[in-house]
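Work through these exercises with the model open. Try each task before reading its solution.

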Amino acid sequence: VVATAATSCGDWGEGVRSVAAVSGDFVGAPSAREQVLVVDTGVGNFAVGGVGEVRHLADADSRRLGRLTAWTFEACDPSDPLVCWRTEDDQRPWVEMTADGGRTWEREYEMSEEEAEDLLDDLGERCGDLPRFRPQDLSVLGTADGPIVAVAAEQAGLLLRMPGQPWRRVSSDELRSTG
């Protein structure tokens, strides 16, 4: 008897597939209404709070929220609707910002070709498919210090801009290692 085992290609997981500003009373947080950005990775949800801390969202809260699938490619600062950010379903993540209600837009973040190539090298190829880095959801959370802007960018992770700080990329692995 000859036994054969089928091997399947590994995948990268879902990556960061959506992000949404949510208000609620979350498990483990002080018992009070809190506003957070919820980050959906397909294998768990995470919350980004008003001071930029990233934490795992309790399973009970994730179940109450359900799946976040209403993708948005443009969102504005809740306290100043003339200040907005936008992105598109493109191969490499980029984000533009306007401070005049959309009359003019300026590129605020763009993943460089070098960073994309390094990320491709790190993630590798699975069954002939390359990882996807395209931005597929954008959300803005208003805070007392200014807006927090987040973009879900699949295997590129979460693109995050805290008030007064430059954009940074938080990988899916970094999110999952969060307590």
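**Exercise 1.** Which handedness does the link of Cys76 and Cys84 have?

Solution. This is a predicted model. Start with the bond itself: the sulfur atoms of Cys76 and Cys84 lie 2.0 Å apart. The cut-off for a disulfide is 2.5 Å, so the pair qualifies. Next, take the angle about the S-S bond, which is 90°. The link is right-handed. Finally, count: the structure holds one disulfide.

**Exercise 2.** Classify Cys76 and Cys84 as buried, partly exposed or exposed.

Solution. Set the limits: buried is under 20% relative accessible area, and exposed is over 50%. Cys76 has 32% relative accessibility, so Cys76 counts as partly exposed. Cys84 has 4%, so Cys84 counts as buried. Then widen the view to the whole protein. Of its 179 residues, 43% count as buried.

**Exercise 3.** Where does pLDDT stay under 50?

Solution. Begin with the average: the mean pLDDT of the protein is 82. A value of 70 or more is reached by 84% of the residues. Now look for the weak stretch. Residues 1-7 stay under 50. The model gives this stretch zero contacts beyond four places in sequence.

**Exercise 4.** Which elements have the lowest and the highest mean pLDDT?

Solution. List the elements: the protein has three helices and 12 strands. At the low end is helix α1, residues 59-65, with a mean of 78. At the high end is strand β6, residues 80-86, with 97.

Definitions and conventions: Residues are numbered from 1 along each chain as its sequence is written. This is a predicted model: local features need pLDDT of at least 70, side-chain atom pairs count only at pLDDT 80 or more; totals for chains, interfaces and linings use all residues. Side-chain values use heavy atoms; hydrogens and water are left out. pLDDT is the predictor's confidence in each residue, from 0 to 100. Helices (H or I, at least four residues) and strands (E, at least two) are DSSP runs, numbered from the N terminus. Contact means heavy atoms within 4.5 Å. Buried means under 20% relative accessible area, exposed over 50%, partly exposed in between (1.4 Å probe, protein chains only).
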